Amino acid sequence: MLGRDEILQLVPHQGGMCLWDEVVDWSPQEIALRAFNHRDVLHPLRRGDQLAAIHLCEYGAQAMAVHGGLRGREQGGAVKPGVLVALRDVQLHVARIDDLAGALEASAQVLAEAEGSQQYAFRIHHQGQLLAEGRAAVMLQLP
C-alpha cells in the first residue's frame with residue numbers, strides 16, 4: 001500500500017487538490033485507491049455545504065494520473081503529464097458524496113493506449129455501492 005506522501009510525488013495535484021489518500025493495489029493495467037477527504041468542509045471542490053457527485057469524475061481522472069505516475073516510475077522514465085480530453089458514458093448513481101461516512105474506493109483500468117494518449121475505465125464505490133462509472137481519455141504531453 002502506498003500513502004498520500006508517495007501519491008503527491010507522482011501527480012501534479014498538490015495540497016487539497018490531490019484527492020487520493022491511499023493506493024491499495026496496482027498492476028501495469030489497473031489500480032485501486034481509497035480517499036477519505038470527501039467529508040472535509042475545506043474540500044477544494046465543495047460548493048456551499050455540499051460536494052456533488054459530478055466531482056467523482058475528477059476522482060476518476062486523478063486515479064488515472066496516479067496510475068500513470070506509478071507506471072512511469074516503475075519504467076524508470078519521467079512521468080508524462082497529461083490533459084483530460086474526454087469523458088464518456090459517465091453514470092452517476094448518487095447526487096452528492098459529502099454525506100457518506102467511510103472511504104471512497106476507486107478502480108481504474110487501462111482500456112487502450114498509444115504513445116500520446118490513454119483511455120481508462122473507472123468505477124467509484126462506497127461501502128459496496130457503485131457511486132459513479134465511466135471512461136476517460138487523456139492526451140499525454142510528449143517531450
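1. Two strands are said to pair if DSSP finds at least two bridges between them. In this predicted model, strands E4 and E5 meet that description, pairing in the antiparallel sense over nine bridges. The two strands form a hairpin with two residues between them. Within this pairing, glutamate 113 stands opposite glutamine 118 of E5.

2. Strand E5 also pairs with E6, again in the antiparallel sense, over 10 bridges. Here too the strands form a hairpin with two residues between them, and glutamine 127 in the turn has a positive phi of about 50°. Histidine 126 has glutamine 129, in E6, as its bridge partner.

3. The largest nonpolar core should be considered next. This core has 34 residues, and Trp20, Leu56, Tyr59, Val66 and Leu104 touch the most other members. Two or more residues each come from helix H1 (4-10), strand E2 (30-35), helix H2 (56-74), strand E4 (104-114), strand E5 (117-126) and strand E6 (129-140). Of these contributions, that of H2 is the greatest, at six residues. In soluble globular proteins, nonpolar side chains tend to be buried together.

4. Leucine 104 merits a separate remark. Neighbours within four places in sequence aside, leucine 104 is in contact with Trp20, Leu33, Arg34, Ala35, His38, Leu56, Tyr59, Ile97, Ile124, His125, His126 and Leu131. Among these partners of leucine 104 are Trp20, Leu56 and Tyr59, which are also named with leucine 104 as the core members that touch the most others.

5. Which residue of helix H2 deserves individual attention? Histidine 67 lies in this helix. Why does histidine 67 count as buried? Its relative accessibility is 0%, and buried means under 20%. Apart from neighbours within four places in sequence, histidine 67 is in contact with Trp26, Ser27, Pro28, Gln29, Glu30, Ile31, Val110 and Tyr120. Histidine 67 and alanine 108 are 41 residues apart in sequence, and their C-alpha atoms are 8.2 Å apart in space.

6. The largest pocket holds about 540 Å³ of space. Its lining consists of 28 residues, with Gly68, Lys80, Gly82, Gln118 and Leu140 nearest the centre. H2, strand E3 (82-92), E4, E5 and E6 each give two or more residues to this lining.

7. Helix H2 supplies the largest share of the pocket lining, with nine residues, and also gives the most to the largest nonpolar core. By residue class, the lining divides into 13 nonpolar, 10 polar and five charged residues.

Technical notes. Residues numbered from 1 in each chain as written. Predicted model: local features only at pLDDT ≥ 70, side-chain atom pairs only at ≥ 80, totals over all residues. Heavy atoms only, no water. Core = buried A, V, L, I, M, F, W, Y, C linked by side-chain atoms within 4.5 Å. Buried < 20%, exposed > 50% of the residue type's maximum accessible area, 1.4 Å probe, protein only. Helix = DSSP H or I, 4+ residues; strand = E, 2+ residues; numbered from the N terminus. Contact = heavy atoms within 4.5 Å. 1 Å grid on protein atoms, 1.4 Å probe; cavity = no way out; pocket = protein on both sides within 12 Å on 5 of 7 lines; lining within 4 Å. Points joined across faces, edges and corners; volume = space filled by probe spheres on them. Nonpolar A, V, L, I, M, F, W, Y, C, P; charged D, E, K, R; others polar.
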